[in-house]
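Let's take a walk through this one together, from the overall fold down to a few individual residues. Have the viewer ready and turn the chain as we go.

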Amino acid sequence: IKVTETQVIVVDFEGNRVLVYDKNGRLIQMLDDNFNQPTDIEVIDNKMYILNYSSGVIYFYEYDEIKE
């Protein structure tokens, strides 16, 4: 789980996806791009890194907080 100023980002290990919620708990985005057991997430300097357990791969995304 990663908490930003306006969002909560959750890795769903069993669902093979990453879920982005606003601070009120409303789902605003779901990422399911080739993940296979994602385990950890970090956001650094507008870059999102997602660690994939089964393959040992770290996925990289440009990250701008989603505006409502």
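Before anything else, one working term: two residues are in contact when they have heavy atoms within 4.5 Å of each other. Keep in mind, too, that this is a predicted model.

With that in hand, go to I50. Skip its neighbours within four places in sequence, and I50 is in contact with V11, V18, F35, P38, D40, I41, V57, I58, Y59 and Y61. We'll meet several of these names again.

Now zoom out. The chain has seven strands and zero helices, so reading along the sequence gives you the pattern β-β-β-β-β-β-β. The radius of gyration is 11 Å, close to the 11 Å that the globule rule gives for 68 residues, so the chain is as compact as a globular protein of that length. If you'd like a feel for the dimensions, the C-alpha trace spans about 35 × 25 × 15 Å along its principal axes. As for links along the sequence, take the contacts between residues at least 6 apart: 27% of them join residues at least 24 apart.

What about the outside? The chain exposes about 4,500 Å², and carbon and sulfur atoms supply 47% of that. Charge comes as 6 positive and 13 negative side chains, with the centres of the two sets lying 4 Å apart.

On to the inside. Of the 68 residues, 28% count as buried. In soluble globular proteins, nonpolar side chains tend to be buried together. Which residues make up the largest nonpolar core here? There are twelve of them: I9, V11, V18, V20, L31, F35, I41, V43, M48, I50, Y61 and Y63. Four strands each supply at least two residues of this core, namely β2 (7-12), β3 (17-22), β5 (38-44) and β6 (47-52). I50 is a member of the core, and the residues in contact with I50 include V11, V18, F35, I41 and Y61, which are core members as well.

One contact of I50 worth a stop is D40, found in strand β5. Is D40 buried, partly exposed or exposed? With a relative accessible area of 45%, D40 is partly exposed. Leaving out residues up to four places away in sequence, D40 touches V11, Y49, I50 and L51. D40 and F13 are 27 residues apart in sequence, yet their C-alpha atoms are 9.1 Å apart in space.

Set D40 beside another aspartate, D22, which lies in strand β3. D22 is buried, with a relative accessible area of 4%, whereas D40 is partly exposed. D22 and E5 are 17 residues apart in sequence, and C-alpha to C-alpha they are 9.6 Å apart in space.

Last, have a look at the backbone in two loops. Most residues other than glycine have a negative phi. Which way does phi go at N16, positive or negative? N16 has a positive phi of about 55° although it is not a glycine, and its place is in the loop between β2 and β3. Now try N46, in the loop between β5 and β6: its phi is positive too, near 60°, and N46 is likewise a residue other than glycine. Both asparagines are partly exposed, N16 with a relative accessible area of 26% and N46 at 48%.

Definitions and conventions. Residues are numbered from 1 along each chain as its sequence is written. This is a predicted model: local features need pLDDT of at least 70, side-chain atom pairs count only at pLDDT 80 or more; totals for chains, interfaces and linings use all residues. Side-chain values use heavy atoms; hydrogens and water are left out. The radius of gyration is taken over C-alpha atoms; the globule rule is 2.2 Å times the number of residues to the power 0.38. Buried means under 20% relative accessible area, exposed over 50%, partly exposed in between (1.4 Å probe, protein chains only). Accessible areas come from the Shrake-Rupley method with a 1.4 Å probe; for residues, only the protein chains shown count as cover. Lys and Arg count as positive and Asp and Glu as negative; His and the chain ends are not counted. The place of a charge is taken as NZ of Lys, CZ of Arg, CG of Asp or CD of Glu. A nonpolar core is a set of buried Ala, Val, Leu, Ile, Met, Phe, Trp, Tyr and Cys residues joined through side-chain atoms within 4.5 Å.
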